[in-house]
Amino acid sequence: MSWASNTPLVRGFARRKAAAQFNLINGFIYSQIIGVVVETGLLEFLSDGIHSLEEVAGHCGLSHHAADRLLRAARSLELVESPVAGGWSLGVAGAPLSSNEGAKAMARHRDMIYRDITDLLDLLRDDRRSPTRLSNFWSYAAQDEAEPNSASDYSALMAATQPMVAEQIVHRYGFGRHSKMLDIGGGSGAFAAAVAEVAPQLDIGIFDLPEVMPSTAERLAALGLEERITAHPGSFITDALPSGYDLITLNRILHDHDDPIVTALLAKIQASLPANGRLLIIEPMAETRGAEPMGDGYFGLYLWAMRSGRPRSLKEYRQMLKNAGFSRSKEIKTSQPLITKAIVADK
Ligand SMILES: C[S@@+](CC[C@H](N)C(=O)[O-])C[C@H]1O[C@@H](n2cnc3c(N)ncnc32)[C@H](O)[C@@H]1O
């Protein structure tokens with residue numbers, strides 16, 4: 001270390017490396033700061049201009065002393081700034097976050113994984129045997145909860161975060177080349193609605209669990225799409241898939257499930273597609289260059305805590321598609337592979 005800090009050419013590099021490492025070590029505190037800033041609605045509060053410490057304290061329900069501590073912490077992450085003495089406004093990192101509903105939903109949701117991994121070693125030693133907050137939240141995951149969570153909670157989280165995934169793919173794949181698309185595990189229809197907008201001729205169906213259907217009906221009605229999009233209740237594990245769809249999409253579905261379920265689902269889809277049919281897989285994947293921690297770090301531990309599924313690499317999926325009988329597959333490049341990658345496979 002002393003050699004590096006005394007050599008001008010490598011000094012800057014060594015400093016950046018050290019700072020990145022300390023940021024990782026302390027990251028759990030930073031995510032809590034972001035979480036509180038989001039939970040208190042501070043970003044929205046500051047979005048109309050400069051506010052005093054008293055106003056921020058009143059908005060957040062904190063003492064002046066505590067609000068001052070929170071603001072200084074948030075300033076260190078550039079979430080807020082103090083352009084004039086005693087006045088606070090949005091910072092360069094806070095401004096885009098204030099209008100990013102998907103990122104804010106993830107910041108709120110962090111609380112659940114945060115609690116589940118408080119003792120990560122214990123969670124690993126448990127080997128996915130005991131119920132967790134996440135396996136209760138995702139009621140289809142482990143299916144051994146005494147009182148599983150209502151599907152409408154996870155459907156709301158999915159609807160809030162789906163737009164940032166959909167925008168990665170709706171203009172990158174030619175949905176208009178198909179006549180009927182079935183979105184398996186389509187939830188309340190956020191992805192189906194985004195595709196409906198870019199491919200007005202496409203007939204669209206959503207296949208999801210019966211308990212999700214009230215959320216689906218509500219959202220489709222709110223968007224005026226209840227005539228355009230057909231909802232099919234069912235389980236892809238136990239039921240047959242609706243036929244006649246020449247494009248099937250799996251958006252953030254496969255990583256939630258263990259290999260036997262994924263292998264069976266891919267084979268079922270392959271059998272149900274017509275001769276010119278295609279499958280489009282859309283999800284964040286492991287071993288994505290530049291986003292490795294998001295794959296095996298974030299999703300690896302998230303899905304471990306959820307007690308179902310694992311992140312897979314593009315290469316693994318292509319091999320699984322081949323094993324399921326798909327004739328060929330290729331990657332569709334997205335602009336933010338960290339958010340999602342995509343693979344299309346021909347029957
Ligand atoms: C992680 S969410 C993704 C939702 C949506 N595709 C998105 O990306 O916003 C997984 C979805 O798969 C559905 N799902 C889970 N198990 C299923 C099953 N056995 N049959 C049908 N759908 C299922 C869930 O109800 C949920 O809507």
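Which of the 19 residues around the ligand come nearest? Keep that in mind as you open the model, which is a predicted one. The answer is M158, Q162, G185, G187 and R252, so select those five.**The ligand shell**

Stay with the ligand and colour the shell around it by element. Two elements give two or more residues to this shell: α11 (151-169) and α12 (190-198). Of the elements, α11 gives the most, with 3 residues. Now try colouring the shell by residue type. You should find 10 nonpolar residues, 6 polar ones and 3 charged ones.

**R252, next to the ligand**

Zoom in on R252, which is among the residues that come nearest to the ligand. R252 sits in the loop between β7 and α14. Check its backbone: phi of R252 is near 60°, a positive value in a residue other than glycine. As a rule, most residues other than glycine have a negative phi. Is R252 buried, exposed or partly exposed? R252 counts as partly exposed because 18 other C-beta atoms lie within 10 Å, while being buried takes 20 or more.

**From β7 over α14 to β8**

Next, select strand β7 (residues 247-251), helix α14 (residues 259-272) and strand β8 (residues 278-283). Together, β7, α14 and β8 make a right-handed β-α-β unit. Hide the helix for a moment and look at the strands: β7 and β8 pair in the parallel sense over 5 bridges. For a landmark, pick N251, which stands opposite I282 in β8.

Then turn to the pairing of β8 with strand β10 (residues 341-346). Do β8 and β10 pair in the parallel or the antiparallel sense? Here the sense is antiparallel, and the pairing runs over 6 bridges. Click on I281 and look across to β10, where its bridge partner is I343.

How many of the 6 residues of β8 are buried? The count is 6 of 6. Show the side chains and you can check both faces: R278, L280 and I282 lie on one side, with L279, I281 and E283 on the other, and all are buried.

**R307, another positive phi**

Move on to R307, in the loop between α15 (292-306) and α16 (314-323). R307 has a positive phi of about 70° although it is not a glycine. What about its surroundings? R307 is buried, because 24 other C-beta atoms lie within 10 Å.

**Out to the domains**

Zoom out and colour the chain by domain. Domain 1 covers 2-98 and domain 2 covers 150-346. How many Å separate the centres of domain 1 and domain 2? Taken over C-alpha atoms, the separation is 36 Å.

Now select residues 23-89, which an unreviewed UniProt entry lists as "domain: O-methyltransferase dimerisation". This span is 63% helix and 15% strand, and its end C-alpha atoms lie 24 Å apart.

**Last stop: I50**

Finish at I50, in the loop between α4 (42-46) and β1 (51-52). I50 is partly exposed, since 15 other C-beta atoms lie within 10 Å. To end the tour, draw a distance from the C-alpha atom of I50 to that of V198: these residues are 148 residues apart along the chain, and the distance should read 39 Å.

Technical notes: Residues are numbered from 1 along each chain as its sequence is written. This is a predicted model: local features need pLDDT of at least 70, side-chain atom pairs count only at pLDDT 80 or more; totals for chains, interfaces and linings use all residues. Domain bounds come from an automatic or database domain assignment. UniProt positions are given in the numbering used here, feature names are shortened, and annotations may be inferred rather than shown by experiment. Helices (H or I, at least four residues) and strands (E, at least two) are DSSP runs, numbered from the N terminus. A residue is near a molecule or strand if its C-beta atom, placed from the backbone, lies within 6 Å of it. Ala, Val, Leu, Ile, Met, Phe, Trp, Tyr, Cys and Pro count as nonpolar, Asp, Glu, Lys and Arg as charged, and the others, Gly among them, as polar. A residue is buried if 20 or more other C-beta atoms lie within 10 Å of its own, exposed if 12 or fewer, and partly exposed in between; C-beta atoms are placed from the backbone. Two strands pair if DSSP finds at least two bridges between them. A crossover is right-handed if, with the strands pointing away from the viewer, the path from the first strand over the helix to the second runs clockwise.
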